[in-house]
Amino acid sequence: MATVTVRPPAAPEKARVAERRRRKRRSAWRRQLVALAFMSPWIIGFTAFYVYPILSSLYFSFTKYDILTQPVWVGFDNYTFMFTSDGRFWTAVRNTAWVVAVIVPLQILVGIGAATVLTRVRRGLGFYRTVFFLPTMVPLVAAALGFVFLLNPGGPVNAVLGFLHLPEPLWFRDPAWAKPGLALMAMWMVGQTMIIFLAALLDVPTQLYEAADIEGASPLQRFRHVTLPMISPVIFFAVVIGVINGFRYFTEAYVVSKAGDWDNPVGTPQDSLLFYSSHLYNSGFEGFHMGYAAALSWVMFVVIMVCTLVLIRSSRRWVHYQGGFR
Amino acid sequence: MSAATVVTRRPVPPAIRRRRMLLAVANHSVAIALSIMFLLPFAFIVSTALMTNQQMGSLSIWPSPFKWSNFTDLFGFFPFWRYAWNSLLYAGLGTIGVVLSGIPVAYALSRLRWRGRQVSFVLVLSTLMLPVQVTIVPLYIIFVRLGWIGSLKPLIVPLFFGDAFTIFLLRQFFMTIPQELSDAARVDGANDLQILLRVIVPLAKPAIAAVALFNFLYCWNDFFSPLLYAGNNPDTWTLAISLQQLTQLSRGILANLQMAASILFTLPVIVIFFFAQKVFVEGVTLTGVKG
Amino acid sequence: MRRRLVGLVALAMLVAACTAGGDTNAPVETIDPNAQHDPLTLTVWSNFSGREGKITTGVLESVKQKYPWMTVKHVQGKDDEAIQRAINGGTPPDVAISFTPDNAARYCDTRAWQDLNPNLQADNIDKNATWPAAIFSYTQYNNIQCALPMLTDAYGLYYNVDLLQKAGFSEPPKTLSEMTTMAKKLTEYNADGSIKVAGFMPLFGMYQNTVNTLGHAYAAQWYDSSLKPTLSTDPNWTKMLQWQKSIVDTIGYDKLQKFFGKLGGGDSEWSAQHGFETGKIAMMIDGEWRNAFIAADKSKVNYQTAPFPVDDAQPDLYGAGQVGGTIMGIPKGVKHAAESWLLVKYMTTDTSALVTLAKGLRNVPSTVESLKDPELNADQHFSTFMKIFQHPKSTFKPITTIGVTDQDLFGSLAEKHQAGKVSDLQTELSKLDDQITKQLQLG
């Protein structure tokens, strides 16, 4: 490092330096204003549609409120009921946990698998990619109705199973098979996940594969030691998105439950499809227990925050970044 | 990379050629099998949509006769065009809203230096993780007070105040635009607004297109929010709700009509997809890989 | 930073507390209907649609003949939630119609619908002389009469005469044990073992089989006089569940599910593919509206109606059935409460209006006078239900402030039981009682 000698500024220079500093501060202040101006739509939106609702949700969670009458302060009653007396709460938690623990990994596995197949084919890549992606284009409501029809106990899928002399489950009319039915639907819609993994797989530098080949690695070892670490950021991304979507799982379950009979409570059959969002919706908007729904939403908020933190912390251990910084 | 020597290709011995072909065949068969599995549900849905009521209960896979009138009958059952218009209104205005509000915010988060930038970005990301259910109770109450329940306003207005996904995607993209371009414009005397409009936006067209497309589709398919805010007023139903509510009409709609309705609902999306495939795939990749 | 956060929280909570609100009750006003009156349009919200909607509109508009200054605007497709939200938002319809009397308890309790007792007294209407006793089980709560019935429903047995005769039965079953025997005999199977014709469709969750409709055959009690649930303490519930399961097991649970699926599932209930209308179900429980649907669907089924069979141990129950149906009321905050009352009075007590409505909708007329109509009584298929409605033991399920929640919870358990997944029914029932009690406390 070269040394720089600084001469103390002469008297008129002092004024100029001070002026420069003032100008810098003013321009910094102007920059701040400009930035805030650009940010203003989001700032307003964030305050009005996130900060305020979350905080006032906290207030409502301590009340009994049906909109018609004044909210009545009930302290922790809602929470007590939730954790000790509401059987459906625990059912909803279990079902949502099932989605997060089963459907998310399944989608990732199938996504990686399908993407891997795509990396191997040379001709017709565009065609296959389109076909695999197409189901994602179908709106969830339509897909759900479609699967209700397909998995009708007397319907096409069971007909094929019967033809192959396999057992024919009752799918959405059987609480033990309803969630697997939804899992089938989720696997049919892996297109988006698959595309991301395809891009990631194609991004893995071929030199690494060549190096592995030279070392005499088997395909499995290649996958474990080259492919997986290289695509781990994408896996992490898919896991986070998957978990968040798992918590907000609603539409498919709602449509499927009500498909048989509109009087069916959300969660039919027998609460096997009662997910957390459905329970929240039910309590607040079909039962008009706004206070209880608010309490449910706060518990959901806390759990999601914790899960995300855990995921981010754990990611430091198994996610490997090629370059750049977070 | 080493240079000069010309690489001559050795003729590939037949054993290896055979092996390569077998592998290719194996890969293709898996791909084809997967394709069939992905397409089969479509096939069933389409064939059911064309069946008569009597055929519904039977095991037949092929509709005979082809009841194309199922599609036209639908229009008699419910005001399809009104619901399509509502969906279009929500998706169209919503997309305009997120783009208009997302661009300046993404610009501030990526190309300006200011205090609180890092914190704001983290906050934006955090809202991505928040399921809508966490905020609906008070939001619903606000909209009741405002008298907006039963209209599309609660769906559209918030989108004019920023959408986290849009902002995130645009910010990632803006960050890839070289700083020199902004600097050059600044030297020419442009202020930030002009830089944004004249330099950044034209360069970011693919990202903006991707974002607009994603948002349009998200709104088109959205079920939960319209159910909540517009669900009690059939005049403002979107296609997504009407499709589900179709199953609840007092004159029951059998599966064949439901499937026909599903197809009509999906068709615009598939059409858009075919015309904008590239934008899609690029957009999806943008989100995932750049992380 | 933390101080600012706490301040922000407090502020938000304060704002939330201030923006929530309700308001006071207005006193009952009456007007002289025969006096001169400025023209007025009243809006009525209901969840009617299609054919039924048109008929209802016609009768609503006929009120003009009685009060020439009154015009009625009927807005259809508004379910209970929609009406409730309008009341919350301060813009209620002048008159509300609901298909879910289970919610009446909450409407009465929160005064979302106004108490009509003062109106009835002011007009010298004797409640007990005007209406059969059954209606009070679903229109009032805690002595608040916040709704009145506008026509009603009654549940009974529909049976396919041809199928019964083919199996050698000339009479419909009167007791549940007869029902079981006949159901078994009337069920026909295909070569592959699947069901071709079901003698009776017992599964909960199918058509109109609910713990309520079937529970009524045992006069099973939901609550005792202090509103404590009696699902585990009233042995009739267990008996009903066991009876239902015995039929399910005899015919075959999986087979029944597949059979229902092949019919088209729940969607077939309102279409011409209805299992009974297409001759695939020999006996079923359904409401009186099925008559209208059979006619509209031009079904060829040769059928008859009768009261639903009852518990062998309670023969005096025979002739009764679950009743209850459409209710009408005046929401809180309407601008012209007195005029709203005139319309409600017309639609719920005027004999000719009710008879016209009953003939059009094929629902049971709800007042003692309208039940005497000769033409309705001449229709054999239909008059069964009129008699059921007037039976002293016919009733609706007791209504509570938690609406249909108790039914949903019990329904879930019943479905688990019929699938054979409940090992200790008594314990499950007491757990259910417990949960319902706590839910009632939560409000």
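What follows is a tour of a predicted model, going from chain A to its contact with chain B, then into chain B, and ending in chain C.

**Chain A as a whole**

Begin by selecting chain A and colouring it by secondary structure, which comes to 13 helices and two strands. The radius of gyration of chain A is 28 Å, well over the 20 Å that the globule rule gives for 326 residues, so the chain is more spread out than a compact globule. If you align the view with the principal axes, the C-alpha atoms of chain A fill a box of roughly 95 × 75 × 35 Å. Of the 326 residues in this chain, 46% are buried, and among its contacts with a separation of 6 or more, 69% are between residues 24 or more positions apart.

**The two domains of chain A**

Next, give separate colours to residues 12-60 of chain A, which form domain 1, and to residues 84-318, which form domain 2. The C-alpha centres of these two domains of chain A lie 41 Å apart, and the contact between them takes four residues from domain 1 and six residues from domain 2. On the domain 1 side, the touching residues divide into three nonpolar, one polar and no charged.

**A covered helix in chain A**

Now select residues 251-259 of chain A, helix H11, which is mostly covered, with nine of its nine residues buried. Among the buried residues here are A:Glu252 and A:Lys258, along with A:Tyr254, A:Val255 and A:Val256. What covers this helix? To see part of the answer, show helix H5 (140-150), helix H7 (175-188) and helix H12 (276-286) of chain A, and then add helix H12 (224-230) and helix H13 (239-246) of chain B, since the cover includes elements from both chains.

**Where chain B meets chain A**

With chain B now in view, widen the selection to the whole contact, in which 67 residues of chain B are in contact with 71 residues of chain A. The largest share of the chain B side, twelve residues, comes from helix H1 (residues 14-49) of chain B. By class, that side has 44 nonpolar, 20 polar and three charged residues.

**A helix pair inside chain B**

Hide chain A and select helix H4 (residues 80-111) and helix H11 (residues 205-221) of chain B, which pack at an angle of about 145° with their axes 8 Å apart. The crossing of this pair, H4(B) and H11(B), is right-handed. Showing side chains on H4(B) brings up contact residues including B:Ser87, B:Tyr90, B:Gly94, B:Val98 and B:Gly102, while those on H11(B) include B:Ile208, B:Asn215, B:Phe216 and B:Trp220. Taken together, the residues of this contact between H4(B) and H11(B) divide into ten nonpolar, five polar and no charged.

**The two domains of chain C**

Finally, select chain C and note that each of its domains is written as two segments: domain 1 covers 30-153 and 324-390, and domain 2 covers 155-321 and 402-442. The centres of these domains of chain C, taken over C-alpha atoms, are separated by 30 Å, and their contact takes 13 residues from domain 1 and 14 residues from domain 2. Which helix gives the largest share of the domain 1 side that touches domain 2? Select residues 380-390 of chain C, helix H17, from which six residues of that side come. By class, the domain 1 side of this contact in chain C has four nonpolar, four polar and five charged residues.

How values were computed: Residues numbered from 1 in each chain as written. Chains lettered and ligands numbered in written order. Predicted model: local features only at pLDDT ≥ 70, side-chain atom pairs only at ≥ 80, totals over all residues. Axes fitted to C-alpha atoms, helices over the stretch in contact; angles between N-to-C directions. Helix = DSSP H or I, 4+ residues; strand = E, 2+ residues; numbered from the N terminus. Left-handed = near helix turned anticlockwise from the far one by under 90°. Contact = placed C-beta atoms within 7 Å. Nonpolar A, V, L, I, M, F, W, Y, C, P; charged D, E, K, R; others polar. Domains from an automatic or database assignment. Rg over C-alpha atoms; globule rule 2.2 N^0.38 Å. Buried ≥ 20, exposed ≤ 12 C-beta atoms within 10 Å, placed from the backbone.
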